[in-house]
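Open the model in your viewer and set it to show cartoon and side chains. The tour below goes from stop to stop, saying what to select and what is found there.

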Amino acid sequence: MAQVNDVLEASDEAVRAAVRSALLTVDDPEYPGLSIVDLGLVELVKTQGSNVTVGLIPTFSGCPALAMIASDVKLAVELCDEVQSCTVEWLPAPVWSTGRLSEAGETRLADNFTVVLRRKDGTLRCPVCGSDAVTDQSMAGPTRCRSVAWCGSCRNPIEVMR
Ligand SMILES: [Zn+2]
């Protein structure tokens, strides 16, 4: 944590910039390498001098990773020289949807985790071979955030983010 004398010098803008880069280093524990920013979890950053409040929205309520994300955010943000303290709030609204994922986030999910997003029309595309021959297998995925599907073309199991 920074010394009080140092943080008094930091402007609001400097604090915000520092917080933004700190948030980029926080990954979703279920998707190492994918930041909560790319996942679209960060809704707001409020600063009051060097005291920061970060408002996050959960991907899916009840996801066990939430407590870990909150403490990772607090740790990362409080490491900034410009920040004295960080409070993390889970916001009840807006509701997270796959549309909040950045393009980089979506690509990384498909490439690194064989996780896909359901299209608006309900169809799925295999992240491994690109085939549309993906069928839902089970609604009970590894976590409540995901379900499992199966590609009939390359025969890989695929996780679907809901
Ligand atoms: Zn496939």
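## Stop 1: a pair within one helix

Select Lys74 and Glu78: they form a salt bridge, and their closest N and O atoms are 2.9 Å apart. Both belong to helix H3 (residues 66-78), and because they are 4 residues apart there, about one helical turn separates them. Lys74 is partly exposed, with a relative accessible area of 37%, whereas Glu78 is buried, at 14%. Keep in mind throughout that this is a predicted model.

Now show the strands beside this helix. H3 lies across E4 and E5, running at about 155° to E5.

## Stop 2: the sheet under the helices

Select E3, E4 and E5. They make up an open sheet of 3 strands, in the order E3-E4-E5, and the pairing is mixed. E3 and E5 stand at the edges with a single partner strand each, so one side of each has no neighbour in the sheet. Direction ignored, neighbouring strands of this sheet are turned by 20° against each other on average.

Zoom in on E4 and E5. These two strands run parallel and are joined by 6 bridges. To find one of the paired positions, select Gly55, whose bridge partner in E5 is Glu89.

Next add helix H2 (residues 12-23). H2 lies across E3 and E4, and runs at about 145° to E3.

## Stop 3: a residue in strand E4

Select Thr53, which sits in strand E4 (residues 51-56). Is Thr53 buried or exposed? With a relative accessibility of 17%, Thr53 counts as buried, because the cut-off for buried is under 20%. Leaving aside residues up to four places away in sequence, Thr53 touches Leu44, Val45, Lys46, Thr87 and Glu89. Display these side chains together with Thr53 to see the contacts.

## Stop 4: salt bridges between distant parts

How many salt bridges are there by the rule used here? The count comes to 3. The Lys74 and Glu78 pair from the opening stop is one of them; two further pairs can be visited here.

Select Glu43 and Arg100. Their side chains meet in a salt bridge, at 2.8 Å from N to O. Glu43 lies in strand E3 (residues 42-48) and Arg100 in the loop between strand E5 (85-90) and helix H4 (103-113), so this pair ties together parts that are 57 residues apart in sequence. Glu43 is partly exposed, with a relative accessible area of 34%. Arg100 also counts as partly exposed, at 25% relative accessibility.

Then select Arg118 and Asp136, whose side chains meet in a salt bridge of 2.9 Å, N to O. This pair links distant parts of the chain: Arg118 is in the loop between E6 and strand E7 (134-138), Asp136 is in strand E7, and the two are 18 residues apart. Arg118 is partly exposed at 29% relative accessible area, and Asp136 is partly exposed at 42%.

## Stop 5: the zinc site

Select the zinc ion and the residues around it. Which residues are its protein donors? They are Cys126, Cys129, Cys151 and Cys154, each through its SG atom, and they lie 2.2 to 2.3 Å from the ion. The angles among the 4 donor atoms are 107 to 112°, and the site is tetrahedral. For comparison, the ideal angle for four tetrahedral donors is 109.5 degrees.

Along the sequence, the donor residues are spaced C-x2-C-x21-C-x2-C. Cys126 and Cys154 link distant parts of the chain: Cys126 is in the loop between E6 and E7, Cys154 is in the loop between E8 and E9, and they are 28 residues apart. Color these two by accessibility: Cys126 is buried, with a relative accessible area of 1%, while Cys154 is partly exposed, at 26%.

## Stop 6: strand E9 and its partners

End the tour with E8 and E9. They form a hairpin with 5 residues between them, and in the turn Arg155 has a positive phi of about 60°. Strand E8 (residues 146-151) is joined to E9 by 5 bridges, and the two strands run antiparallel.

Now add strand E6 (residues 115-117). E6 runs parallel to strand E9 (residues 157-161), and 3 bridges join them.

Finally, select Glu159 in E9. Val148 stands opposite Glu159, and Glu159 is also the bridge partner of Val115.

Terms used:
Residues numbered from 1 in each chain as written. Predicted model: local features only at pLDDT ≥ 70, side-chain atom pairs only at ≥ 80, totals over all residues. Heavy atoms only, no water. Pairing = 2+ DSSP bridges. Buried < 20%, exposed > 50% of the residue type's maximum accessible area, 1.4 Å probe, protein only. Contact = heavy atoms within 4.5 Å. Salt bridge = Lys/Arg side-chain N within 4 Å of Asp/Glu carboxyl O. Donors = N, O, S within 2.8 Å, 3.2 Å for Na, K, Ca; no water. Tetrahedral: all angles 85-135°; square planar, octahedral: opposite > 155°, others 65-115°. Axes fitted to C-alpha atoms, helices over the stretch in contact; angles between N-to-C directions.
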